[in-house]
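Reader: I would like a close look at a single part of this model and at what surrounds that part. Please define the terms as they come up.

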Amino acid sequence: METKVNAELQHVRNYWVQMKPNSPIYNFLLGDINLVSATKGQIKAHLKIHSVHVNSKGTLHGVTSSCIMDWAGGLAIASTGLDNSGVSTDIHTTYVSTAKEGDLIEIEAKANKVGASLAFTMIEIRHAGDGGKVVAHGTHTKYIKR
């Protein structure tokens, strides 16, 4: 089923296209992420877990989860119409369960507040389908220059 592309989703996709070539780590870990929806202050994306995303136990690496928190928080901020999502001042990630290679995860990020100089976001990573079991959740604060 094709995703209906609204103004926010188009803006976030354009932002991602511009950001990706300038960020080697995002390009490496999240190069094939699929942005599936966006509304003002919220984005949703899917990522299939590959070998580059897992640790020595074959499960989602904490670095991958934290990278997703950073990326998704910034895109939630961008979905409010900003052309610059700022710089990170604080990121927290709580690991609840895990995912393995071949799993499809869903990432949902919400910008709770986008103020004059700071933006606050919440992010959840969960299994796509099968009840959406939470893998990790977190918060991300960014300094934004307006």
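Author: What follows starts with one helix, moves to the core, and ends with the paired strands. The model is predicted, so local features need pLDDT of at least 70 and side-chain atom pairs count only at pLDDT 80 or more, while totals for chains, interfaces and linings use all residues. Residues are numbered from 1 along each chain as its sequence is written, and side-chain values use heavy atoms, with hydrogens and water left out.

The part in question is helix 3, residues 62–78. Helices (H or I, at least four residues) and strands (E, at least two) are DSSP runs, numbered from the N terminus. The expected span of a helix is 1.5 Å times one less than its number of residues. For the 17 residues of helix 3 this gives 24 Å, and the end C-alpha atoms are 24 Å apart, which agrees.

Buried means under 20% relative accessible area, exposed over 50%, and partly exposed in between (1.4 Å probe, protein chains only). Helix 3 is largely enclosed by the rest of the structure, because 13 of its 17 residues are buried. T64 belongs to this helix and counts as buried because its relative accessibility is 1%. Contact means heavy atoms within 4.5 Å. Apart from neighbours within four places in sequence, T64 is in contact with L29, V52 and H53.

A nonpolar core is a set of buried Ala, Val, Leu, Ile, Met, Phe, Trp, Tyr and Cys residues joined through side-chain atoms within 4.5 Å. The largest such core has 34 residues, and W71 and L75 are among those that touch the most other members. Helix 3 supplies the largest share of this core, eight residues. With neighbours within four places in sequence left aside, L75 is in contact with V12, Y15, W16, M19, L35 and I43.

Strand 4, strand 5 and strand 6 each supply at least two residues of the core as well. Two strands pair if DSSP finds at least two bridges between them. Strand 4 (residues 104–114) and strand 5 (residues 118–127) run antiparallel and are joined by nine bridges; they form a hairpin with three residues between them. Strand 5 also pairs with strand 6 (residues 134–143), in the antiparallel sense, over nine bridges.

A136 lies in strand 6 and counts as buried because its relative accessibility is 0%. Leaving aside neighbours within four places in sequence, its contacts include S65, M69, I123, E124 and I125.
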